[in-house]
Amino acid sequence: MATTRILEWLGRFYIVLLLAFLYLPIIIMALMSFNTSPFYQLPFEWTTDWYASLWQNDQLIAATWNSIEIAVITTIVSTVLGSAASLALYRYEFRGKKLLQALLFPPIAIPWLITGTAMLIFFFGIGIGRGLVAILLGHVALALPYVIVVVSARLRTFAPELEEAARSLGANQWQVTNRVTLPWIMPGVIAGGLFAFAVSFDQFVVSYFLSTPGQTTLPVEIYAAIRKGFTPEINAVSTIIIVVSMALMLLTARFFKFGGEK
Amino acid sequence: MAEQLATGSRRGLKPALPLLLPAYLWLTVAIFLPLSAMVFFSFMTDLPLAGKEWAFTLGNYAAFFSQGIYSTLLFASLRLGLEVTLWCVVIGYPAAYVLAKVLKGRSREAIFLLVILPFWSNGLVRIFSWAMVLREGGILDTALNAVLPFKINIDLMYSYPAVIIGLVHSYVPYMVLTCYLTLQAIDDSLIEAGRSLGASRVQVLWRVIIPLSMPGLIAGAALIFVPVVGSFMEPRILGGRTGTFYGTIIEDQFVAVFNWPLGAALSFILLAVVLVILALAAPVLQRAG
Amino acid sequence: MRMPRLTAFVTATAVFVSALAAQAAEEVHVLNWKGYGADEPWAVANFEKATGFKVVNDFFNSEQEMLTKLRTNPGLYDVVMINAAFNDQAMAGKLIQSIDVSKLSNYADIAKDKAGSPMLNHDGKVYGVPWVWGLTAVAINEKSFDKPPTSIAEMWDPAHKGRVIIRDDAVEAVQFGAIASGQNINDIKDMEAVKAKLTSLMPQIKTFWSSENDWNQMVASNQIDIGTYWSGSADRAKTHFKLPVSLVIPQEGAVAWLDAFSIPVGSKNVAGAEAFINYMIDPKFYVEWVTKVGAPVSANTKAVEALPEDAFNRKVMGNPEVAKRIQFQAPITDEQREKYLALWQELKVNVK
């Protein structure tokens, strides 16, 4: 069918346009990491000085590692806990389920500034204090609702009969989950994990309240820097992160299937 | 493929607990308990710090209703949230469809990942980049003037459209991915069946595809609408002098003055309004689907 | 740059709490604005070499946040930088302790009017050591002016429509409006005049700035002509970043502020704190800070005299004519602050 062909090509073109829109600021960010002016001044003058000075900036590098570490742990923990909770909300019918679902929205709706302040007071009150542990506690909690909402959306397309059928064929609960349900919701779990990483990695407000001098994250360093000492070193470190993640992602896409293809 | 059922097949809280408990326990310690402290503060005249006198009051909530500026701004923020959500649907849904139904194999997996990747960079650095694009003499201005035969002045920076562009950019991946999740689950044979029965493309889209992907649309819309209503960073930097929204005045109560009780009360009003809107909108959307 | 061990977090709750308690005594924890002298790497290195103490810097982004950090972290900080107008509040909240100035060899050189400021002295005890002072005045983009303006009224000139910026800060905006309407910033009698002045300024404004970086980026891309700015920042933009910025102290006057160092209650290293404060008010540190980075005016008269004759901080800021025009910020009550904020929010909302 010729129309279908044309429509499919239009669709592909549209995806390219969308990616161009999404990556436009990223490309500018990367270009500015090679520009001499710290104020994004044009005309463009090529330099690699910002990468050289980034190499010397131990504080920024340490904060970057902290961020990556916290984001990775947050992603793993919140994806596992969140997927489990979504399964429970999907499988079982009980009183108060609607309330539990509604409770997912306060962490998203209340501005992070208030949540961060509340965490600071509370963690201080119960003796957790500030630091990387507190940041991790906070990040997982902020990421959980995203994971649960996303995985639940995928679960809603899942036919419960499939689980029942597997059960009637003698599979136990674990086998049902592992062989039937999980493969089906995998795209949702992956998407939830990607969001969790983004929420944690770009989280400024909560990290800011919970960080201590030696234990900060990259966004905290960046926001502190824009007051006075913002330099394109920050663009440089962001560019490196994006390029490395992109390579990792393309490799992942090359070797694993998770898009839910049958 | 079977009918899409939203409800669970089994009854009882007890068997659900082992799966539910870890997540909700974590949320309780890190979010619900701290926020209850804030709820408590929101009914106080002053913070019980530094030996200050305090008493219980409803005054912080009353302030919202007695001063027109708060409701004006809340309305502006809700409108912003709605507009951004609609743009995300318009831009994101077709992309999700192409991703789910047109692209196949590795390229689909790769694009699935690439859509979210820009958001592994810092939000503030991204906003700075938008400033370069949108300002007078910026990239958009220069590029358009290089192509067009006549001279135009593009200066979108520090305006409402700039806020919309920045926010849509930040949130559209949520819509793409959540819609993808439900669109991909639709069996192709269902679409083909509709077509072979003589339904037009539009009819299939309207009667089959959109209803079946509704859970993804709703999830995406909620994940976009809710945080945008409370946002203040993007509006402030991209909106300039027009960038004052409800989130700004909440922030001010914490940052500029030490009035946490009022700031907390304002944010719980925001939460209540958002929850009511979600509760009203979800069934309507479900039925429409 | 070592990848911290992943497992460290998991068991770390208890470890973290005990680690806090067992904080090494020779560390000096300093709380200040980022990029504001105390965290300059060369300064930290010099201080550490001279005294053997180790400096740990932490930062705040607003005065309210600084107070919150002090309240929620008793015993964590040894030195805190507080705007003199907030000193009173910090002392009343039992957040800072009195300082034994006999331990500070440089204290005697601090200008008498600054050291004796009633904002820093309570019941005959010193609660803050004056460090630097500066102005919230007006700065211009040199490319837009043949000759620097002398009056604040320039900001209302239709020629600059859409090319004016002011800081997104209620107190600063209201005090600026007070100066523009010829009033005392610490005793504003005619709030309506302030409101009218600011209302008529709103259509001129391009955006509100909140950090030095905002200002510098906008001048670098030639998007603004004139706006309110801090004297130290204008100096830094010009000398350090080579931007076409110059400071104007309008004939109507300018707002002056005084920053001072205090020692928080519960400091575990008072001796280190005293050594650090003394180093911060030392002429040698100050000259290096001005030369390398750009800085506000030192409260130490010897430090200012150590600058070259024609230095901005000596020639302009030390000019008796200027001294007559400026008004030092006095403490502001919470009620006033909230009133200013309400006015500022109303102005910002109505601009739409």
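**Exercise 1. Work out in which order the elements of chain B run from the N terminus on.**

Solution. Start at the N terminus of chain B in this predicted model. The order you meet is β-α-α-α-α-α-α-α-α-α-α-α-α. Now tally by type: chain B holds 12 helices and 1 strand.

Next, look at the outline. Along the principal axes, the C-alpha atoms of chain B fill a box of roughly 75 × 70 × 35 Å. Then look inside: 50% of the 289 residues of chain B count as buried. Finally, take the contacts in chain B with a separation of 6 or more: residues 24 or more positions apart account for 69% of them.

**Exercise 2. Find the stretch of chain B that UniProt annotates as a domain, and describe its make-up.**

Solution. Begin with the record. An unreviewed UniProt entry gives "domain: ABC transmembrane type-1" for residues 74–281 of chain B. Now trace those residues in the model: the chain there is 78% helix and 0% strand. To finish, go from one end to the other, and you'll find the end C-alpha atoms 18 Å apart.

**Exercise 3. Decide whether B:A76 is buried, partly exposed or exposed.**

Solution. First place the residue: B:A76 sits in helix 3 of chain B. Then count its neighbours. There are 19 C-beta neighbours inside 10 Å, while a buried residue needs 20 or more and an exposed one has 12 or fewer. So B:A76 counts as partly exposed.

For a sense of distance, pick B:K14 as a partner. B:A76 and B:K14 are 62 residues apart along the chain, and their C-alpha atoms are separated by 44 Å.

**Exercise 4. Describe how chain B touches chain A, and then how chain B touches chain C.**

Solution. Take chains A and B to begin with. Here 90 residues of chain A are in contact with 86 residues of chain B. On the chain A side, helix 1 (residues 2–32) gives the most, with 15 residues. Sort that side by class and you get 65 nonpolar, 14 polar and 11 charged residues.

Now turn to chains B and C. This contact takes 18 residues from chain B and 24 residues from chain C. Helix 3 (68–102) and helix 11 (246–255) of chain B each supply at least two residues of the chain B side. By class, that side of chain B divides into 10 nonpolar, 5 polar and 3 charged residues.

**Exercise 5. Work out how helix 12 of chain A and helix 4 of chain B are oriented to each other.**

Solution. Get the geometry down first. The axes of helix 12 (residues 233–255) of chain A and helix 4 (residues 106–116) of chain B come within 8 Å and cross at roughly 150°. Angles over 145 degrees count as roughly antiparallel, so that's the word for this pair. The crossing of these two helices is right-handed.

Next, who does the touching? Helix 12 of chain A brings A:M249, A:L250, A:T252, A:A253 and A:R254, and helix 4 of chain B brings B:R106, B:E109, B:A110, B:L113 and B:L114. Sorted by class, the contact has 6 nonpolar, 1 polar and 3 charged residues.

**Exercise 6. Compare two further helix pairs, helix 2 with helix 12 in chain A and helix 7 with helix 16 in chain C.**

Solution. Stay with helix 12 of chain A for the first pair. Its axis and that of helix 2 (residues 49–56) of chain A come within 8 Å and cross at roughly 85°. Angles of 65 to 115 degrees count as roughly perpendicular, so these two helices of chain A fit that label. A:W50, A:Y51, A:S53 and A:L54 of helix 2 meet A:E233, A:N235, A:A236 and A:V237 of helix 12. By class, this contact has 5 nonpolar, 2 polar and 1 charged residues.

Now hop over to chain C. The axes of helix 7 (residues 170–180) and helix 16 (residues 334–350) of chain C come within 8 Å and cross at roughly 80°. Helix 7 and helix 16 of chain C are therefore roughly perpendicular to each other. On one side you have C:A170, C:V171, C:A173 and C:V174 of helix 7, and they meet C:R337, C:Y340, C:L341, C:L343 and C:W344 of helix 16. The contact of helix 7 with helix 16 divides into 8 nonpolar, no polar and 1 charged residues.

Technical notes: Residues are numbered from 1 along each chain as its sequence is written. Chains are lettered from A and ligands numbered from 1 in the order in which they are written. This is a predicted model: local features need pLDDT of at least 70, side-chain atom pairs count only at pLDDT 80 or more; totals for chains, interfaces and linings use all residues. Axes are lines fitted to C-alpha atoms, for helices over the stretch in contact, and angles run from 0 to 180 degrees between N-to-C directions. Helices (H or I, at least four residues) and strands (E, at least two) are DSSP runs, numbered from the N terminus. Angles under 35 degrees count as roughly parallel, over 145 as roughly antiparallel, 65 to 115 as roughly perpendicular and the rest as oblique. A crossing is left-handed if the near helix is turned anticlockwise from the far one by less than a right angle, and right-handed if clockwise. Two residues are in contact if their C-beta atoms, placed from the backbone, lie within 7 Å. Ala, Val, Leu, Ile, Met, Phe, Trp, Tyr, Cys and Pro count as nonpolar, Asp, Glu, Lys and Arg as charged, and the others, Gly among them, as polar. UniProt positions are given in the numbering used here, feature names are shortened, and annotations may be inferred rather than shown by experiment.
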